[in-house]
Amino acid sequence: MAESNAEARSLNFLEEIVEEDLKSGKNKTILTRFPPEPNGYLHIGHAKSICLNFGLALEYGGKTNLRFDDTNPVKEETEYVESIIEDVKWLGFNPDKILYASDYFEQLYEFAVKLIKKGLAYVDDSSSEEIASQKGTPTEPGEANKYRNRSVEENLQLFREMRSGIYEDGEKVLRAKIDMGSPNMHMRDPIIYRIKKAHHHRTGNDWFIYPMYDFAHGQSDSIEHITHSICTLEFISHRPLYDWFIEKLEIFPSRQYEFARLNLTFTIMSKRKLLQLVNEKYVDSWDDPRMPTISGLRRRGYTPESIRNFTDRIGVQKRDNLIDVSLLEFCLREDLNKNALRKMVVFDPLKIVITNYPEQVEMMTTEDYPEAGEKSSKREIPFSRELYIEKEDFMENPPKKFFRLAPGKSVRLKSAYIIQCEQVIKDNQGNITELHCIYFPESKSGNDASGLKVQGTLHWVSKAHAIPVELRLYDRLFKVENPAMEEGDFKDYINPDSLEINRHALAEPSLANAKFNERYQFMRKAYFCLDKDSSEEKIIFNRTVSLKDGWAKEVKKG
RNA sequence: UGCCCGAUAGUAUAAAGGUAGUACGACAGAUUUUGAUUCUGUUUGUCGAGGUUCGAAUCCUCGUCGGGCAACCA
C-alpha cells in the first residue's frame, strides 16, 4: 500500500510509532486488533477504527485480529457478533483470526489468582454504593476500607468461592490493590471481577464471575501478542492501569495508543442513542438507510471503497473533530460516478406528444458508463411518439437562465432527438396536462446533421414502455449539525422529512432487471440502488445520494 | 477547582527550528448530448502573552478555550 510515487508522503502519528518500533527492532512485525463489544451494530465511527487497525497492519506487513470484547453477558448477543463479522468483511478486510475475550476466561482467572498471590488484589464485600463513596471524587482522594488488608489465603479462598457460585450478584468483588489516593480514578483499586449469574452467549452458564474491561482487554491483547492496541481517547486514563497489569502479571507488553473518534455532522454516533432510534421506531431498523450504521450505509448504497477512501482522507489525530458529511458524500459520488450504470427515470411525469413523429418505436443507443468513454458498454432504449419528461423541466414563463423546455424553446432528449415545444395543453383548472412538441429528424443523437444548438438536455421515458417504480428519497436524519451537543433531547432534532416516498416515478424498461449488486445513476437526479424490500410486483430503489445540483443553487440565489 | 489529553482557513489534515501546503466546502469562469463529471482561478488560517533563537506553527513559561476521568459498562 506504500505510495511509490510520493516518497515524501507524510505519516500520521500511528504510522510514525509503528515505523519507529519496526526500525528500532522493538517489533519484528506488527499485530493489531479490532475489539468490538457485541452489544450493537457497527457504525461509520467503527469503520474508521477498522480501517485504521487493518490498514496499519496491511501497510507494514502485519496482521489484524477481530476480537470480541464479550465480558458482559447481559448486554451481548450472537446476532451482534454475526453482523459485526459481516460488516468487517463487507468493508473489505479479512481478520487473521476471529477471537473472543471469553476464550480467555480460564487464563484471566489464573491471572487474577496470580495477582492475589502477589498481594496485589483483594476481595471486597462492600456494596456498590460503598465502593463508589469510598472511591472519592476527581478532586478528593479515596480511602481504603477494612477488606483491603485481608490475607492472601483468605482472598484466595474467597475468590474461589466467588467462582463456585455460592455468592449472589453484588455480594463481593475482586479489586486490584493499587492506590486509593491516586489522582487517576482508575488506579483507585479498580474492580477487576464481579459476580454475574447470567447466561453468556458463548460460555453459557459456565461462569458466575466475569472480568471487567480493564482486566480483560489488555490481558487479551497480551495473550495474542498484539503489538499496537489502538483505541479511542477516552481510554487514555486507563493506560496506566493497562501498563500496571502487564507489569505485575509479567506478560507480553502490548502497548496502547489512542486516537480521536469520528464525529459526523447531521448524525449521531452513540450506540445507545442509535439503539433508542430503533427501539422507539424513529427508524425502521438498524439497517435503515438513514442510520450511520455500516449496515444502514450498505443498504443506502454506499460502497466499501468510498468508506475506506473517506477514512483515509479524514486522517487520524488526537484532537476532537466534527467532520462535514459533505466529505463523505464527495467520496461516495467520486466512486459512484465511475461505477454506476446510467439510467433514465422520470420522478414526476409530464406527458409530451411528438406530433410529427410516426406511430412507431425506435431504439435509441446510449452509454452505460459515460465516464468510461469509448469503452463503455451500451444499451438500447425505446423511443416513441408519446413520452414523459420531468415536470420541473418545463416552465411556461421561464426566467432567462432556464435552459430547459418552454413554449417555443427547444431541448435535446438525451440520446434521442431535439424537440421544440409548440403547444401547452391544460385542463379546466388550468393545470398543464401535456405538451405538444415537434422533433427534428436530422438531429438524431450520434449523427446530428441539424446544425441546431440547444442549451439543455433532458431525460425521458417512453409512455408505452416505462415501468412504475417506488423511490425512497432519504435525507439527513437530523436538522442540526451536531445533535449530540444540542440542549435537551437529541430526538427533538430529528429531521421529520428524512424519508420521502415517491410512488409515481416511471423508469426505463431495463430497470425491470435491476440487480442488488449494481449501482445506478438516474441521470440528472441522483444515485440509487435496489432495496431489499423489492419484489416482483414492486421495484423499490433507495436514493443513495443526490447529484450536485447547480440549478437548484442558482434558483436559491434568486 | 485534582489529574490527563488537545488547540493550524468554515471543516478536516500537512509542514519534525528555515517559502504555512493539500483536500472538502464556498465563490467565479471554461468545457459539457447529465445545470453532473472534468478543468482553471479566487477566498479564508498558526488560541493569547511573554521568552529562547539569525529565524518559532514547531522549543520553554504562564494564561485562555475545548474535551475526558468519580458504571459491579466497554
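**Exercise 1. Polar pairs between domain 1 and domain 2**

Task: State how many residue pairs are in polar contact across the interface of domain 1 and domain 2, and which elements form the domain 1 side.

Solution. Step 1: in this predicted model, 5 residue pairs, both members at pLDDT 80 or more, are in polar contact across the interface of domain 1 and domain 2. Step 2: the elements giving two or more residues to the side of domain 1 that touches domain 2 are helix 1 (13–24), helix 2 (44–59), helix 3 (78–90) and strand 9 (255–259). Step 3: helix 2 gives the most to this side, with 6 residues. Step 4: by class, the residues on this side of domain 1 are 14 nonpolar, 5 polar and 5 charged.

**Exercise 2. Salt bridges at the interface**

Task: Give the number of salt bridges between domain 1 and domain 2, and find the closest N and O distance for Glu258 and Lys318.

Solution. Step 1: the count between the two domains is 3 salt bridges. Step 2: Glu258 is paired with Lys318 in a salt bridge, and their closest N and O atoms are 3.7 Å apart. Step 3: the cut-off for a salt bridge is 4 Å, so a distance of 3.7 Å qualifies.

**Exercise 3. Extent of the interface**

Task: Locate the domains of chain A and describe the area that domain 1 and domain 2 bury between them.

Solution. Step 1: chain A divides into domain 1 (4–259), domain 2 (271–303 + 311–341 + 468–546) and domain 3 (350–457). Step 2: the C-alpha centres of domain 1 and domain 2 are 35 Å apart. Step 3: contact involves 24 residues of domain 1 and 19 residues of domain 2. Step 4: about 1900 Å² is buried between domain 1 and domain 2, with 68% of it on carbon and sulfur atoms. Step 5: of the area that domain 1 buries against domain 2, Tyr41, Lys48 and Trp90 supply 32%, more than any other three residues.

**Exercise 4. The surface near RNA strand B**

Task: Identify the residues that come nearest to RNA strand B and work out which part of the RNA supplies the atoms within 4 Å of the protein.

Solution. Step 1: 65 residues surround RNA strand B, and Arg319, Arg342, Ser445, Gln521 and Lys548 come nearest. Step 2: of the RNA atoms within 4 Å of the protein, 61% belong to sugar or phosphate, and the rest belong to bases. Step 3: a backbone N or O atom of Leu322 is 2.6 Å from a phosphate oxygen of RNA strand B. Step 4: sugar or linking oxygens of the strand lie 3.3 Å from a polar backbone atom of Ile314 and 3.1 Å from a polar side-chain atom of Glu371. Step 5: the elements with two or more residues on this surface are strand 6 (191–195), helix 11 (304–314), helix 12 (325–339) and helix 13 (550–557). Step 6: the surface near RNA strand B has 21 nonpolar, 22 polar and 22 charged residues.

Methods
Residues numbered from 1 in each chain as written. Chains lettered and ligands numbered in written order. Predicted model: local features only at pLDDT ≥ 70, side-chain atom pairs only at ≥ 80, totals over all residues. Heavy atoms only, no water. Domains from an automatic or database assignment. Contact = heavy atoms within 4.5 Å. Buried area = accessible area lost by both parts, 1.4 Å probe. Salt bridge = Lys/Arg side-chain N within 4 Å of Asp/Glu carboxyl O. Polar contact = N/O pair within 3.5 Å; in protein donor to acceptor, adjacent residues only side chain to side chain. Helix = DSSP H or I, 4+ residues; strand = E, 2+ residues; numbered from the N terminus. Nonpolar A, V, L, I, M, F, W, Y, C, P; charged D, E, K, R; others polar. Near = heavy atom within 4 Å.
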